[in-house]
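Please take the model shown below as the subject of a short tutorial. A learner asks how particular features are read, and a teacher replies.

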Amino acid sequence: RNPSAIQLGDVFKIPARSGVLTATVMALPRKYPVVVRCGGAVHEWLFKRLIEYDLASDSIPGDSGSPVLDGNILIGMHFYYLAEEGRGFAMFAADIFDQTVFERNIDLFPD
């Protein structure tokens, strides 16, 4: 789905380790800094665009990488959760598969 078609208030499902999460789009931030602690180090990544959503229930460790779906259409990938605010973040699928974003060739192959 084209990222420009995503609207505030859209509701998506995230089938995750913790169960199926319901996500309501709250914002579509651009240039959003994300601080991640990994292996004792602190990293700050600047994302050019994200989907920010309110989650009806908490995301848990292990939910990261789950698909964000509109019916059976892949919208993005859930990767970040601010528990104290109940907000989650996803990267657009279009950005994940764009070779210029991660400098890797990621292809989808049909079954």
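The dialogue below moves from the overall fold to salt bridges, cores, a pocket and single residues.

Q: What kind of model is this, and how are its residues numbered?

A: The model is predicted, so local features need pLDDT of at least 70 and side-chain atom pairs count only at pLDDT 80 or more, whereas totals for chains, interfaces and linings use all residues. Residues are numbered from 1 along each chain as its sequence is written, and side-chain values use heavy atoms, with hydrogens and water left out.

Q: How many helices and strands does the protein have, and which pattern do they follow along the sequence?

A: Helices (H or I, at least four residues) and strands (E, at least two) are DSSP runs, numbered from the N terminus. Here they come to two helices and eight strands. Along the sequence the pattern is β-β-β-β-β-β-β-β-α-α.

Q: What share of the protein is buried, and what share of its contacts joins residues 24 or more positions apart?

A: Burial is read from relative accessible area: buried means under 20%, exposed over 50%, and partly exposed in between (1.4 Å probe, protein chains only). Of the 111 residues in the protein, 34% are buried. A contact means heavy atoms within 4.5 Å. Among contacts with a separation of 6 or more, 45% are between residues 24 or more positions apart.

Q: How is a salt bridge recognised, and how many are there?

A: The rule asks for a side-chain nitrogen of Lys or Arg within 4 Å of a carboxyl oxygen of Asp or Glu. By this rule there are three salt bridges. One of them pairs Asp95 with Arg49, at 2.8 Å from N to O. Asp95 lies in helix α1 (residues 93-96) and Arg49 in the loop between β4 (41-47) and β5 (51-55), so this pair ties together parts that are 46 residues apart in sequence.

Q: Are the two partners, Asp95 and Arg49, buried or exposed?

A: Asp95 is buried, at 3% relative accessibility, while Arg49 is partly exposed, at 22%. The surroundings of Asp95 can also be read from the backbone: its C-alpha atom is 9.5 Å from that of Leu50, a residue 45 positions away along the chain.

Q: Which residues do salt bridges with shared partners join into one network?

A: Two pairs need to be taken in turn. The side chains of Arg87 and Glu52 form a salt bridge of 2.3 Å, N to O. Arg87 belongs to strand β8 (residues 87-92) and Glu52 to strand β5, so the pair links parts that are 35 residues apart in sequence. Glu85 and Arg87 form a salt bridge of 2.4 Å, N to O. Glu52, Glu85 and Arg87 are thus the members of one network, joined by salt bridges that share partners. Within it, Glu52 is buried, with a relative accessible area of 9%, whereas Glu85 is partly exposed, at 44%. Glu85 sits in the loop between β7 and β8.

Q: Which residues have the most contacts inside the largest nonpolar core?

A: In soluble globular proteins, nonpolar side chains tend to be buried together. A nonpolar core is a set of buried Ala, Val, Leu, Ile, Met, Phe, Trp, Tyr and Cys residues joined through side-chain atoms within 4.5 Å. The largest one holds 15 residues, and Ile14, Ile51, Tyr53, Leu55 and Val68 have the most contacts inside it. At least two residues of this core come from each of β1 (11-16), β2 (19-27), β5, β7 (73-82) and β8. Apart from it lies another core of 10 residues, including Phe47, Leu82, Phe89 and Ile96.

Q: Which residues does Tyr53 touch, beyond those up to four places away in sequence?

A: Its partners include Ile14, Val25, Met26, Val68 and Phe89, and also Arg87.

Q: Where is Ser66 found, and what is it in contact with?

A: Ser66 is in the loop between β5 and β6 (67-70). Ser66 is buried, with a relative accessible area of 7%. Leaving aside neighbours within four places in sequence, its contacts include Ile14, Pro15, Ala16 and His78.

Q: Which classes of residue line the second largest pocket?

A: On a 1 Å grid over the protein atoms alone, a pocket is an open set of points where a 1.4 Å probe fits, with protein on both sides within 12 Å along at least five of seven lines; lining residues have an atom within 4 Å of a point. The lining of the second largest pocket has five nonpolar, three polar and no charged residues, where Ala, Val, Leu, Ile, Met, Phe, Trp, Tyr, Cys and Pro count as nonpolar, Asp, Glu, Lys and Arg as charged, and the others, Gly among them, as polar. Among the lining residues are Ile60, Pro61, Phe79 and Tyr81.
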